[in-house]
Amino acid sequence: MADQIDRLRFQLRTLPPAPSIPAVDSVSARVEDLIGITTAVSTQIKHCLSDLMSGGPTEAALQAYSNAVAPLGEALTELGRMHAEIAHYNFTTHPAHRGSPPDLELPRQEVNETVSGCCEAADEILDVAAIELRDAAVKLMPSPSRLQPGTPGRALRAGSALPSLPPAPPAVTPRAAKSR
């Protein structure tokens, strides 16, 4: 999810800079992306809650995911403001002053300031959310203390459902290989 946020931040930075106004469709797509990320975080919180009920050690991950919800909501608010400003300009202000371009200068400048401010704020807020989600991912990783002593990594236990590996062939020494 943090990688999705990084992609979203990149896409926000590629929106056309002032004085041009981004297309409503491109901003709508970014809003939908952020809604998808927020929904995925919410799903992870539900998953952590169900694990917590069953005794799983996910309290730290639950806290980290919960910490990511607030910045995601704030970023969604900023993108929503940006979307509303652009839509209002394109569908209300611009048609009202179509025949008079000088009358559009001030509204265009106001929209550009709002869009720039919203993009900058959303970028900073999404950075915080990405950090929180990376923190959650680290907290979900199994700690080395939970591994059984004497077993390297993820060693299979006897009776595992996975098929056993065939025995390794004896190693061939360089001297034996040369004599062949």
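**A note on the nonpolar core and helix packing of a predicted model**

1. The largest nonpolar core has 37 residues, and those with the most contacts inside it are Ile5, Leu72, Met82, Ile86 and Leu126. Four helices, namely α1 (2–13), α2 (24–53), α3 (59–96) and α4 (105–140), each supply at least two residues of this core. The structure is a predicted model, and what follows should be read with that in mind. As general background, nonpolar side chains tend to be buried together in soluble globular proteins.

2. For a reader new to this structure, the overall make-up may be a useful frame: the secondary structure of the protein comes to five helices and zero strands, so that the elements, taken from the N terminus on, run α-α-α-α-α. The protein has 180 residues, of which 28% count as buried. Among contacts between residues at least 6 apart in sequence, 76% join residues that are at least 24 apart.

3. Ile86, one of the core residues with the most contacts inside it, can be followed outward to its partners. Not counting residues up to four places away in sequence, Ile86 touches Ile21, Pro22, Val24, Val27, Val111 and Val115.

4. The packing of α1 against α4 deserves a careful look, as the axes of these two helices come within 9 Å and cross at roughly 165 degrees. An angle over 145 degrees counts as roughly antiparallel, which is why α1 is described as roughly antiparallel to α4. The crossing of α1 and α4 is left-handed. On the α1 side the contact is made by Ala2, Asp3, Ile5, Asp6, Leu8, Arg9, Leu12 and Arg13, and on the α4 side by Cys119, Ala122, Asp123, Leu126, Asp127, Ala129, Ala130, Leu133 and Arg134. Sorted by class, the contact of α1 with α4 has 10 nonpolar and seven charged residues, with no polar residues.

5. Two residues of that contact can be examined individually, beginning with Arg9, whose place is in helix α1. Is Arg9 buried or exposed? Arg9 counts as buried because its relative accessible area is 12%, and the cut-off for buried is under 20%. Leaving out residues up to four places away in sequence, Arg9 touches Asp123, Leu126 and Asp127.

6. The second is Ala130, which is found in helix α4 and which counts as buried because its relative accessibility is 0%. When its neighbours within four places in sequence are left aside, Ala130 is in contact with Ala2, Ile5 and Asp6. Ala130 and Leu72 are 58 residues apart in sequence, whereas in space they are 9.2 Å apart, C-alpha to C-alpha.

7. The pair α2 and α3 may be considered next, with axes that come within 9 Å and cross at roughly 160 degrees, an angle that makes α2 roughly antiparallel to α3. The crossing of α2 and α3 is left-handed, and the residues of their contact divide into 23 nonpolar, six polar and two charged.

8. A last point concerns Asn112, which is found in helix α4. Asn112 counts as buried, because its relative accessibility is 11%. Which residues is Asn112 in contact with, leaving aside its neighbours within four places in sequence? The partners of Asn112 are Ala18, Pro19, Ser20 and Ile21, and Ile21 is also among the residues that Ile86 touches.

Methods. Residues numbered from 1 in each chain as written. Predicted model: local features only at pLDDT ≥ 70, side-chain atom pairs only at ≥ 80, totals over all residues. Heavy atoms only, no water. Core = buried A, V, L, I, M, F, W, Y, C linked by side-chain atoms within 4.5 Å. Buried < 20%, exposed > 50% of the residue type's maximum accessible area, 1.4 Å probe, protein only. Contact = heavy atoms within 4.5 Å. Axes fitted to C-alpha atoms, helices over the stretch in contact; angles between N-to-C directions. Parallel < 35°, antiparallel > 145°, perpendicular 65-115°, else oblique. Left-handed = near helix turned anticlockwise from the far one by under 90°. Nonpolar A, V, L, I, M, F, W, Y, C, P; charged D, E, K, R; others polar.
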